[in-house]
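User: I am new to this entry and would like to be taken through it step by step. Could we look at it together?

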Amino acid sequence: MGTTDNLRFYGGADAYLAACPSRQILDVLANKWTMLVMGALSGGPMRFGELRRRLDGITQKMLTQTLRTLERDGLVIRTVYPTIPPKVEYTATGLGESVTALMHAIRAWSEENINAVLDARDAYDARAAQEVQPVTA
């Protein structure tokens, strides 16, 4: 029995149910590094170093973990070319490309609305600072 056999879901998927394995996919897709890696790969194959330079702030460890997760989930394919030194490229699979448009839309929305969100945070923080604290006896 494979390690994912117990995760197979033969009913209608419903991510609102705790036992639904689609929640695991939501965890992967909701990760900022997943979103940024998939966006970077939407332009075509990239080598590890290219990805690391493109994704400002990602550590080597986090990029490695993210790529392994995406490869395991079938969103990315890792190709090793028999050269010295070995050349390794990462490419979005068809499954990965199918989710890239959604991720691009979320990233674009984030970039377009960051100022409105920051304004809302500032307003909330100002209101919270002014609220009257209950008196304790």
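Analyst: The questions below go from the overall fold to a single peptide bond, and the model they refer to is predicted.

User: In what pattern do the helices and strands follow one another along the sequence?

Analyst: The chain holds five helices and three strands. Read from its start to its end, the chain arranges these elements in the pattern α-α-β-α-α-β-β-α.

User: What radius of gyration does the chain have, beside that of a compact globule of 137 residues?

Analyst: For a compact globule of 137 residues one would expect a radius of gyration near 14 Å. The C-alpha atoms of this chain fill a box of roughly 75 × 40 × 30 Å along the principal axes. The radius of gyration of the chain itself is 20 Å.

User: What share of the residues counts as buried?

Analyst: A residue is counted as buried when its relative accessible area is under 20%. Of the 137 residues in the chain, the share that meets this description is 23%.

User: How far apart are the end C-alpha atoms of residues 20-118?

Analyst: The UniProt record, an unreviewed entry, places the feature "domain: HTH hxlR-type" at residues 20-118. Over this stretch the chain is 64% helix and 14% strand, and the distance between its end C-alpha atoms is 34 Å.

User: Which peptide bond is cis, with omega near -5°?

Analyst: One partner in this bond, P85, lies in the loop between strand 2 (76-81) and strand 3 (87-92). The cis bond, with omega near -5°, is the one from I84 to P85.

Terms used: Residues numbered from 1 in each chain as written. Predicted model: local features only at pLDDT ≥ 70, side-chain atom pairs only at ≥ 80, totals over all residues. Heavy atoms only, no water. Helix = DSSP H or I, 4+ residues; strand = E, 2+ residues; numbered from the N terminus. UniProt positions renumbered as here; feature names shortened; annotations may be inferred. Rg over C-alpha atoms; globule rule 2.2 N^0.38 Å. Buried < 20%, exposed > 50% of the residue type's maximum accessible area, 1.4 Å probe, protein only.
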